[in-house]
Amino acid sequence: GPDGGGGKGAGGGRKLPTCAEHDLENYSMYCVSCRSPVCYQCLEEGKHSKHDVKALGAMWKQHKAQLSQALNGISDKAKEAKEFLVQLKNLLQQIQENGLDYEACLVAQCDALVDALTRQKAKLLTKVTKEREHKLKVVWDQINHCTLKLRQSTGLMEYCLEVIKENDPSGFLQISDALIKRVQVSQEQWVKGALEPKVSAEFDLTLDSEPLLQSIHQLDFIQMKFPVSVPPVPLLQLEKCCTRNNSVTLAWRMPPLSHNPVEGYILELDDGDGGQFREVYVGKETLCTIDGLHFNSTYNARVKAFNSSGIGPYSKTVILQTSDVAWFTFDPSSAHRDIVLSNDNQTATCNSYDDRVVLGTAAFSKGVHYWELHVDRYDNHPDPAFGIARINVVKDMMLGKDDKAWAMYVDNNRSWFMHCNSHTNRTEGGVSKGATVGVLLDLNKHNLTFYINGQQQGPPAFENLEGVFMPALSLNRNVQVNLPQSSPTYP
């Protein structure tokens with residue numbers, strides 16, 4: 001560079017600064033008390049003997065580190081300031097957009113008021129018109145009636161005057177009685193009130209517009225500070241809502257720029273058959289998985305938020321379809337400790353000579369379900385048992401010995417059905433290595449049927465099955481069973 005220091009260090013292109021008091025000495029130390037660099041000779045002279053003096057290079061590095069740390073701090077603040085500026089600019093845009101929205105809303109509200117007033121004016125004008133037409137009709141009726149009576153009376157008067165002019169007494173007396181009666185009758189027709197208007201020219205219609213005018217003059221915005229009210233409608237995140245087997249997962253969030261606090265959410269699900277909604281989750285999470293639902297069912301779900309002010313409105317309803325056919329593996333969390341699982345929990349065996357129980361990860365409560373198990377290893381004629389069980393089945397003995405399981409146990413020649421340790425329906429035909437055992441659980445008919453190598457094994461094994469059941473298996477170390485990866489077809 002122009003100063004001759006281009007790219008070189010402090011000792012290369014420029015001269016080290018020397019002590020202001022000792023020209024021949026370079027600064028080598030730093031007096032912390034005086035906050036100034038000093039040379040070796042300054043220290044020899046004793047000016048800084050009682051001061052805290054440290055090596056110049058160490059203090060240089062220390063102060064550089066402090067400056068860097070301070071720079072990092074101000075850099076963070078600068079970054080926050082930039083983000084804040086972006087936020088403010090976004091706020092400008094939001095204020096502009098919200099201002100236009102509020103203006104449009106105000107115009108619409110005022111126009112609605114004007115429209116309502118116009119419609120009411122038309123109704124009131126109709127009432128005035130009807131009242132006017134009624135009064136006019138009454139007066140015209142009186143005019144016509146009075147004109148007719150006046151014409152009749154005038155004619156009678158003219159006739160009577162002509163009769164009075166007659167000079168024939170006998171002729172006059174012959175008709176005078178009748179004329180007198182006619183005149184009296186005619187006079188009686190002009191009863192009291194007959195010559196008074198039936199209606200007045202005044203309209204007895206008074207419009208009290210003062211309260212409305214006061215309301216219009218008092219029309220103003222409500223308090224601008226938003227009081228804490230119930231939360232708004234949550235938004236279901238459909239891209240995150242899904243089903244797996246007989247489980248559904250739902251996700252939701254609150255709308256942006258929501259000012260009202262949220263203390264928690266209430267998730268509701270129907271029964272999968274168009275029935276009533278029920279609460280399945282209450283809490284602060286915005287993601288929830290519900291297990292143990294019916295297979296091949298359509299569920300409706302909705303969510304609402306709540307806070308100290310109350311419960312907000314429901315979200316839109318999302319429709320979720322559970323799987324037609326169960327896909328499951330063996331469940332390591334509930335299996336007996338002697339059970340050995342492998343192949344992603346699709347293969348089961350045992351390290352004990354005693355029978356041990358393992359359950360599947362699916363649970364069934366309605367519908368028709370069929371699954372198959374492949375016998376991969378079969379040594380020394382053991383009796384594996386296949387079937388269904390409750391979640392709390394006894395795990396340390398053969399499946400079907402307690403009242404929590406319904407099973408078929410089978411050797412290489414024959415099979416039996418077993419529940420509550422009751423053995424029934426001995427049937428010829430057993431299993432060997434490579435055999436396939438099928439289990440058909442029909443909860444529409446509430447029965448259980450078994451198959452070996454695609455052929456039904458005996459009659460339907462159990463009837464009147466109600467509740468929630470899980471696939472179950474018991475075996476010992478002489479047997480290894482595998483769940484096929486592809487869904488089997490119904491027999």
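Helix H2 spans residues 56-164 and holds both Lys77 and Glu80. These two residues sit 3 positions apart, about one turn of the helix. Their side chains meet in a salt bridge, with N to O at 3.8 Å. The model is predicted. Its structure holds 11 salt bridges, and its protein chain is assigned two domains, domain 1 (235-321) and domain 2 (339-482).

**Salt bridges at Lys77 and Lys165**

- Side chains of opposite charge can pair when their charged atoms come close.
- Lys77 counts as exposed, at 54% relative accessibility.
- Its partner Glu80 is partly exposed, with a relative accessible area of 44%.
- Lys165 and Glu162 also join their side chains in a salt bridge, at 3.8 Å from N to O.
- Lys165 is exposed, with a relative accessible area of 58%.
- Glu162 counts as partly exposed, at 47% relative accessibility.

**The Glu268 network**

- Glu268 and Arg302 form a salt bridge, and their closest N and O atoms are 3.0 Å apart.
- This pair links distant parts of the chain, with the two positions 34 residues apart in numbering.
- Glu268 belongs to strand E7 (residues 264-269), while Arg302 belongs to strand E10 (residues 298-307).
- Glu268 is buried, because its relative accessible area of 6% falls under the 20% cut-off.
- Lys304 joins Glu268 and Arg302 in one network, built from salt bridges that share partners.

**Domain 1 against domain 2**

- The C-alpha centres of the two domains lie 37 Å apart.
- Contact involves 7 residues of domain 1 and 6 residues of domain 2.
- Together the domains bury about 500 Å² between them. Carbon and sulfur atoms account for 54% of that area.
- On the domain 1 side, Asn246, His294 and Phe295 lose the most area to domain 2. These three residues together make up 73% of what that side buries.

**Polar and charged character of the interface**

- The rule finds 0 salt bridges across the interface of domain 1 and domain 2.
- Polar contacts between the domains likewise come to 0 residue pairs, counting pairs with both residues at pLDDT 80 or more.
- The side of domain 1 that touches domain 2 has 2 nonpolar, 4 polar and 1 charged residues.

Methods: Residues numbered from 1 in each chain as written. Predicted model: local features only at pLDDT ≥ 70, side-chain atom pairs only at ≥ 80, totals over all residues. Heavy atoms only, no water. Domains from an automatic or database assignment. Contact = heavy atoms within 4.5 Å. Buried area = accessible area lost by both parts, 1.4 Å probe. Salt bridge = Lys/Arg side-chain N within 4 Å of Asp/Glu carboxyl O. Polar contact = N/O pair within 3.5 Å; in protein donor to acceptor, adjacent residues only side chain to side chain. Nonpolar A, V, L, I, M, F, W, Y, C, P; charged D, E, K, R; others polar. Helix = DSSP H or I, 4+ residues; strand = E, 2+ residues; numbered from the N terminus. Buried < 20%, exposed > 50% of the residue type's maximum accessible area, 1.4 Å probe, protein only.
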